[in-house]
Amino acid sequence: MPNSSAAALKATQAKDAADKKKSFEAFRAILAYGKPHKWAFAGVFVCAVLGISADLLQPYLVKIVIDDHLAVGGRDMGYIATIAGIYLGISIVSFLFTYLQNNLLQYAGQSIVARIRKDLFQHISKLSMSYFDRVHRGSLVTNVSSDTETISQFFTQVLLSLIRDGMTLVLIIVFMFQLDTTLAWYSMIVLPVIGLVAFLFRRYLRQAYQVTRSRLSRLIGFIAENLSGMGLIQAFRQEEEQTRRFNENNQSYWEANMREVRANVLFNRTFDILGNVALVTVVWLGGLAVFHEHMAVGVLYAFTSYIRQFFQPINQITMQWNTFQSTTVSMDRIWKIFSTEPEVKDPEPDKTCRLRLSEARGRVDFNHISFGYSESKPVIPHLDLHLKPGEMVGIVGTTGAGKSTMISPLNRFYDVNSGSIKIDGADIRDIPQQQLHRLVGLIQQEPYLFAGTVLDNVRLFQEDISREKVMDACRFVGAHDMIMRMSGGYDTLLSERGSGLSAGERQLISFARIMVFEPRILILDEATANLDSHTEQLVQSALANVSTGRTTLVIAHRLSTVMHADRILVMKDGRAIEEGTHDELLAMHGYYEQLYNHARQAADEE
Ligand SMILES: Nc1ncnc2c1ncn2[C@@H]1O[C@H](COP(=O)(O)OP(=O)(O)OP(=O)(O)O)[C@@H](O)[C@H]1O
């Protein structure tokens with residue numbers, strides 16, 4: 001037993017050390033974003049020194065009037081007015097430098113965060129599909145939006161506080177020692193107490209931030225999922241259940257927030273108390289010194305001003321310490337994404353095979369592949385399939401048979417576990433992904449449309465593709481008339497995901513895309529599944545048009561969609577169990593015939 005607890009302790013210590021190392025790496029990497037703005041930070045530093053010096057000179061000026069003039073019987077109003085003028089001038093200088101310093105810092109901070117956000121989004125869009133299977137989308141939304149915002153606080157608040165308040169503190173200490181060394185030493189006693197309080201609160205605060213951030217991610221994820229599935233929620237009357245779950249998430253986020261707020265308030269008020277104790281001590285000791293004429297009144301006035309100001313920067317720094325804690329949590333989370341490498345990688349330059357679209361013929365070979373989303377559980381244990389250029393192969397099978405899974409490695413959404421997929425003899429892992437995606441076009445059941453015009457959705461924002469080419473493509477697939485009926489024709493703005501269009505209209509637009517980009521190989525994954533029979537006919541004839549001359553893989557539930565394919569592959573439990581033309585398969589009296597009879601029976605009943 002003691003052995004096992006010692007081992008557990010060791011493991012925890014090792015994990016803590018590894019976490020610390022990672023946090024440090026994250027901190028360094030994020031800090032490097034500040035490098036291009038080093039001159040702005042230098043400017044902030046200079047402005048801060050000038051602004052603070054101006055501020056701190058003010059109590060000293062009052063002390064001069066009290067001790068050097070009024071206390072020795074001076075009544076020269078001109079002298080007092082001059083000092084008052086200097087006081088006012090210093091206030092204006094302080095205002096100007098503080099203004100400049102804030103502007104410079106905000107400029108640098110916001111630029112840094114905009115850059116981090118851009119890089120993060122770019123990085124996320126390069127990650128493999130397996131990453132998106134594992135990671136909650138909501139947490140990625142939080143990473144890009146709110147974690148980057150928290151990091152901005154590091155550059156705009158934490159750094160500023162370190163510079164401004166750190167320097168204020170140093171200068172106040174210098175002024176205090178200059179005024180009265182003994183009293184200054186007494187005031188310094190509070191410093192170790194402050195250090196101890198900060199140390200004790202540190203771990204607790206960090207944990208509180210971590211819990212709050214992860215609960216916020218969960219809440220945002222829940223909202224995002226609900227919004228995208230609102231149609232289904234209403235159709236299945238899930239509003240109450242979803243509201244109940246939302247309330248649960250909302251409540252747990254609220255609780256985490258309250259815990260964080262309580263910890264913060266407790267932490268900050270402890271400093272207020274320490275400040276007041278120090279002030280009372282100074283007034284008491286200083287008062288005694290003035291009473292026994294060891295100290296001038298002006299010095300006591302200046303000293304109490306400084307001791308009050310002394311706690312302001314300490315309070316600020318400790319408050320910023322809290323912000324820093326939440327920043328490091330956000331930095332860790334963002335760095336975790338940055339340090340995730342895409343599992344599907346482009347080939348090394350010396351292995352790269354450049355297969356030009358104009359030269360590709362479209363032969364596809366699935367050579368004894370096996371594939372699964374996790375290595376231990378292959379969904380496709382073995383598949384050997386060879387498609388001739390221009391051939392159309394239909395893939396049928398019941399739900400979950402592995403039809404979509406089998407084609408996903410062809411797009412390199414995932415890589416096969418064993419075997420290889422080749423196009424015109426080239427292993428697709430040796431073809432740069434950008435080229436591969438020009439060679440292989442994919443049309444899914446739910447085509448994705450972007451927020452933008454119809455024109456841009458067809459040509460995918462590539463302005464070098466002319467309007468005429470887009471229109472020709474749309475005519476070819478039978479989408480032109482439908483587009484011309486829209487209020488702005490080809491310039492009609494579509495909302496995100498094309499929510500203003502019917503499923504058939506969205507599908508026709510995605511077919512037009514294929515005609516514009518002309519991939520050699522085409523995959524249609526249930527492309528006609530969502531359509532009514534009239535629209536399906538329209539889309540079917542568009543499909544016949546776009547697949548002509550292209551090697552085409554068509555996945556379909558409805559056998560009518562693939563009946564005329566050159567070959568049909570019948571899938572069951574991840575394996576191709578039958579293969580042949582429609583007539584050949586029926587003649588086999590096997591699984592295909594069963595599927596066919598089922599489909600006919602269902603159609604008759606309908
Ligand atoms: N991203 C994923 N991660 C893990 N498992 C998955 C993933 N996608 C699919 N699967 C699993 O792989 C198996 C095959 O699914 P697939 O979607 O390929 O079937 P399908 O034949 O295309 O079905 P359908 O006709 O319903 O689309 C199923 O058991 C499914 O649960």
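Which residues are buried in helix H6 (residues 181-188)? In this predicted model, they are Leu-183, Ala-184 and Ser-187. These residues lie on the same side of H6, because they cover an arc of only 100° around the axis. The face turned away from that buried side carries Thr-181, Trp-185 and Met-188, which are exposed. As for what the buried residues of H6 pack against, the partners are four helices: H5 (137-179), H7 (190-228), H9 (239-291) and H10 (297-338).

Helix H5 also contains Ser-146. A residue counts as buried when 20 or more other C-beta atoms lie within 10 Å of its own, and as exposed when there are 12 or fewer. Ser-146 has 15 C-beta neighbours inside 10 Å, and therefore counts as partly exposed. In sequence, Ser-146 is 184 residues from Ser-330, yet the C-alpha atoms of the two are 8.7 Å apart in space.

The UniProt record, an unreviewed entry, lists residues 42-326 as "domain: ABC transmembrane type-1". In the model this span is 93% helix and 0% strand. Its end C-alpha atoms lie 25 Å apart.

The nonpolar cores come next. The largest of them has 68 residues, and the members that touch the most others are Val-477, Phe-511, Ala-512 and Val-554. Helix H16 (residues 503-517) supplies the largest share of this core, with six residues. Apart from this core lies another one, of 43 residues, whose members include Ala-108, Met-176, Ala-302 and Phe-310.

Val-554 can be followed further through its contacts. Once neighbours within four places in sequence are left aside, Val-554 is in contact with Met-392, Gly-394 and Ile-395, among others. The remaining contacts of Val-554 are Leu-524, Thr-561, Val-562 and Ala-565.

The last part concerns the ligand. Its surroundings include Asp-133, Tyr-373 and Val-379. Also around the ligand are Gly-397, Thr-399, Gly-400, Ala-401, Gly-402, Lys-403, Ser-404 and Thr-405. Which helix gives the most to this shell? Helix H11 (residues 403-407) does, with three residues. Sorted by class, the shell holds six polar residues, three nonpolar ones and two charged ones.

Conventions
Residues are numbered from 1 along each chain as its sequence is written. This is a predicted model: local features need pLDDT of at least 70, side-chain atom pairs count only at pLDDT 80 or more; totals for chains, interfaces and linings use all residues. A residue is near a molecule or strand if its C-beta atom, placed from the backbone, lies within 6 Å of it. Helices (H or I, at least four residues) and strands (E, at least two) are DSSP runs, numbered from the N terminus. Ala, Val, Leu, Ile, Met, Phe, Trp, Tyr, Cys and Pro count as nonpolar, Asp, Glu, Lys and Arg as charged, and the others, Gly among them, as polar. A nonpolar core is a set of buried Ala, Val, Leu, Ile, Met, Phe, Trp, Tyr and Cys residues joined through C-beta atoms within 7 Å. Two residues are in contact if their C-beta atoms, placed from the backbone, lie within 7 Å. UniProt positions are given in the numbering used here, feature names are shortened, and annotations may be inferred rather than shown by experiment. The arc is that of the directions from the helix axis to the C-beta atoms.
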